[in-house]
Amino acid sequence: MVEYEWQRVARAISADIESGRIPPGAALPSILRLAEQYGVADHTIRRALRELREQGHIETLPHKGSYVRDPQ
């Protein structure tokens, strides 16, 4: 099965959240920084973040950024 780049990125960020490497309440890096880190385009990061929001891992606040949700 083919895995899209946004799925790979979402899986990697999700793994960091679930392992505690990125703790609840922590801000994720900016879209541009994440794109640089994962070597993908910014629209790929936006799609990955949308997936993480839909899964309930993060929340995005307008003009503030994306934050890891507390699992409780």
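## Salt bridges

How many salt bridges does a search of the whole structure find? The count comes to five. Keep in mind as you read on that this is a predicted model.

Start with R11, which pairs up with E3; their closest N and O atoms sit 2.8 Å apart. Neither partner is hidden away: R11 is partly exposed at 49% relative accessible area, and E3 is partly exposed too, at 39%. Another of the bridges links E5 to R8, with 2.7 Å between the closest N and O atoms. These two belong to helix α1, which runs over residues 5-19, and being three residues apart they are separated by about one helical turn. An α-helix has 3.6 residues a turn, so residues three or four places apart point the same way. On accessibility, E5 comes out at 40% and R8 at 27%, so E5 counts as partly exposed and R8 does as well.

Helix α3 has a bridge of this kind as well. Here the side chains of D42 and R46 meet, with an N to O distance of 3.8 Å. Both residues lie in α3 (residues 42-54), four residues apart, or about one turn of the helix. D42 is partly exposed at 31%, and R46 is partly exposed at 46%.

## Helix α3 and its two sides

What span should the 13 residues of α3 have at 1.5 Å a residue? The expected figure is 18 Å, and the end C-alpha atoms are indeed 18 Å apart, so the two agree.

Which residues of α3 are buried? They are T44, I45, A48, L49, E51 and L52. Look down the axis of α3 and these buried residues fall within an arc of 155°, so they line one face of the helix. What they pack against is a mix of helices and strands: α1, α2 (31-38), β1 (58-61) and β2. Over on the other side of α3, H43 and E54 are exposed. Just after the helix comes G56, with a positive phi of about 85°.

## The nonpolar core

Now for the inside. The largest nonpolar core has 18 residues, and the members that touch the most others are V9, I13, L28, Y38, I45 and L49. Helices α1, α2 and α3 each put in at least two residues, with the largest share, five residues, coming from α1. In soluble globular proteins, nonpolar side chains tend to be buried together.

I13 gives a feel for how the core is wired up. Setting aside neighbours within four places in sequence, I13 is in contact with L28, L34, Y38 and L52. Of those contacts, L28 and Y38 are also among the core members that touch the most others, while L52 is one of the buried residues of α3.

## S66, a buried serine

Is S66 buried or exposed? With a relative accessibility of 10%, S66 counts as buried, because the cut-off for that is under 20%. This serine is in strand β2, which covers residues 65-68.

The side chain of S66 has a partner: a polar contact of 2.8 Å joins S66 to the side chain of T60. Leaving out neighbours within four places in sequence, S66 also contacts A26, A27, L28, L49, I58 and E59, along with T60 itself. Two of these names have come up before: L28 and L49 are both among the core residues that touch the most other members.

Note on methods
Residues numbered from 1 in each chain as written. Predicted model: local features only at pLDDT ≥ 70, side-chain atom pairs only at ≥ 80, totals over all residues. Heavy atoms only, no water. Salt bridge = Lys/Arg side-chain N within 4 Å of Asp/Glu carboxyl O. Buried < 20%, exposed > 50% of the residue type's maximum accessible area, 1.4 Å probe, protein only. Polar contact = N/O pair within 3.5 Å; in protein donor to acceptor, adjacent residues only side chain to side chain. Contact = heavy atoms within 4.5 Å. Expected span 1.5 Å × (residues − 1). Arc of directions from axis to C-beta. Core = buried A, V, L, I, M, F, W, Y, C linked by side-chain atoms within 4.5 Å.
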